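Visitor: I would like to learn how to read a structure of this kind feature by feature. Could you take me through one, giving the general idea before the particular case?

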Amino acid sequence: MIGSGNAARQWPVKKFCLLIEALYQRKIVTILLGSQSEINTENKIVQSIAVPIIDMVDRTDFKRLSGILRNSDFAITLDTSVMHLASLVNVKTIALFGLGNINLAKPVFSKN
């Protein structure tokens, strides 16, 4: 999930690109998720990387997102509703937190 809805919690595009490329070196293909408001970030990421991805930005609804997460080995997401949904469906999750109180925002449905 490339968006956070809050600029203070947003990860820089360059860091997303480095992460995607590092995952691909380990034979892990990234699925980019985000809403219509993340299209600008999506375009910057897609233009900056040289590895294949599955681009689902602005192409998912809640049901499809739940299915994607259930069929994923793990999720890496910003502190968003996707983090909580991944936790709810018991997907291993790495949550990237920006500013804020992690104890108020951490996943509550699992030990991820």
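**Reading the model**

Guide: Let us begin with a single residue: S35 sits in the loop that links β1 and α2. The model is a predicted one, and S35 within it has a relative accessibility of 33%, which means that it counts as partly exposed.

Visitor: Which residues does S35 touch, once those up to four places away in sequence are not counted?

Guide: S35 touches M1, V57 and D58 on that count. Within its own stretch of chain, the side chain of S35 is joined to that of S37 by a polar contact of 2.9 Å. A separation in space can also be set beside a separation in sequence: S35 and S4 are 31 residues apart along the chain, while their C-alpha atoms are 9.8 Å apart.

Visitor: What pattern does the protein chain follow when it is read along the sequence?

Guide: The pattern is α-β-α-β-α-β-α-β-α, and the secondary structure comes to five helices and four strands. Of the 112 residues in the protein chain, 37% count as buried. Among contacts with a separation of 6 or more, 44% are accounted for by residues 24 or more positions apart.

Visitor: How should I read the two sides of a helix, and which residues of α2 are buried?

Guide: The general idea is that an α-helix has 3.6 residues a turn, so residues three or four places apart point the same way. In α2, which covers residues 39–48, the buried residues are T41, E42 and I45. Viewed down the axis of α2, these buried residues fall within an arc of 100 degrees, so they line one face of the helix. N40 and Q47, on the other side of α2, are exposed.

Visitor: What do the buried residues of α2 pack against?

Guide: They pack against α1 together with the strands β1 (30–32) and β2 (53–55).

Visitor: How is a pair of packed helices described, and at what angle do α3 and α4 pack?

Guide: In general, two packed helices are described by the angle between their axes and the distance between the axes. Here α3, residues 62–70, packs with α4 at an angle of about 55 degrees, and the axes are 10 Å apart. That angle makes α3 oblique to α4, and the crossing in which α3 passes α4 is right-handed.

Visitor: Which residues of α3 and α4 meet?

Guide: From α3 come F62, L65, S66 and L69, and these meet V82, L85 and A86 of α4. To look at one of them in detail, S66 has a relative accessibility of 10% and therefore counts as buried. Apart from its neighbours within four places in sequence, S66 is in contact with L85 and V89. On the α4 side, the buried residues are V82, M83, L85, A86 and S87.

Visitor: What is found at the start of α4?

Guide: There, a side-chain oxygen of T80 reaches to within 3.2 Å of the backbone nitrogen of V82. T80 itself lies in the loop between β3 (74–78) and α4 (81–88), and its relative accessibility of 9% is why T80 counts as buried.

Visitor: Which residues does T80 touch, again not counting those up to four places away in sequence?

Guide: T80 touches M1, G3 and S4. A further comparison is with N6, in the segment before α1 (13–25): N6 and T80 are 74 residues apart in sequence, yet 9.8 Å apart in space from C-alpha to C-alpha. N6 counts as partly exposed, because its relative accessibility is 34%.

Visitor: How should I read the sign of phi, and which residue with a positive phi follows α4?

Guide: As a general background, most residues other than glycine have a negative phi. In this model α4 is followed by N90, whose phi is positive, near 65 degrees, although N90 is not a glycine. N90 belongs to the loop between α4 and β4 (92–96), and its relative accessible area of 60% is why it counts as exposed.

Visitor: Where is K27, and what is its phi?

Guide: K27 is placed in the loop between α1 and β1, and its phi is near 65 degrees, a positive value in a residue other than glycine. K27 has a relative accessible area of 77%, so it is exposed.

How values were computed:
Residues numbered from 1 in each chain as written. Predicted model: local features only at pLDDT ≥ 70, side-chain atom pairs only at ≥ 80, totals over all residues. Heavy atoms only, no water. Buried < 20%, exposed > 50% of the residue type's maximum accessible area, 1.4 Å probe, protein only. Contact = heavy atoms within 4.5 Å. Arc of directions from axis to C-beta. Axes fitted to C-alpha atoms, helices over the stretch in contact; angles between N-to-C directions. Parallel < 35°, antiparallel > 145°, perpendicular 65-115°, else oblique. Left-handed = near helix turned anticlockwise from the far one by under 90°. Polar contact = N/O pair within 3.5 Å; in protein donor to acceptor, adjacent residues only side chain to side chain.
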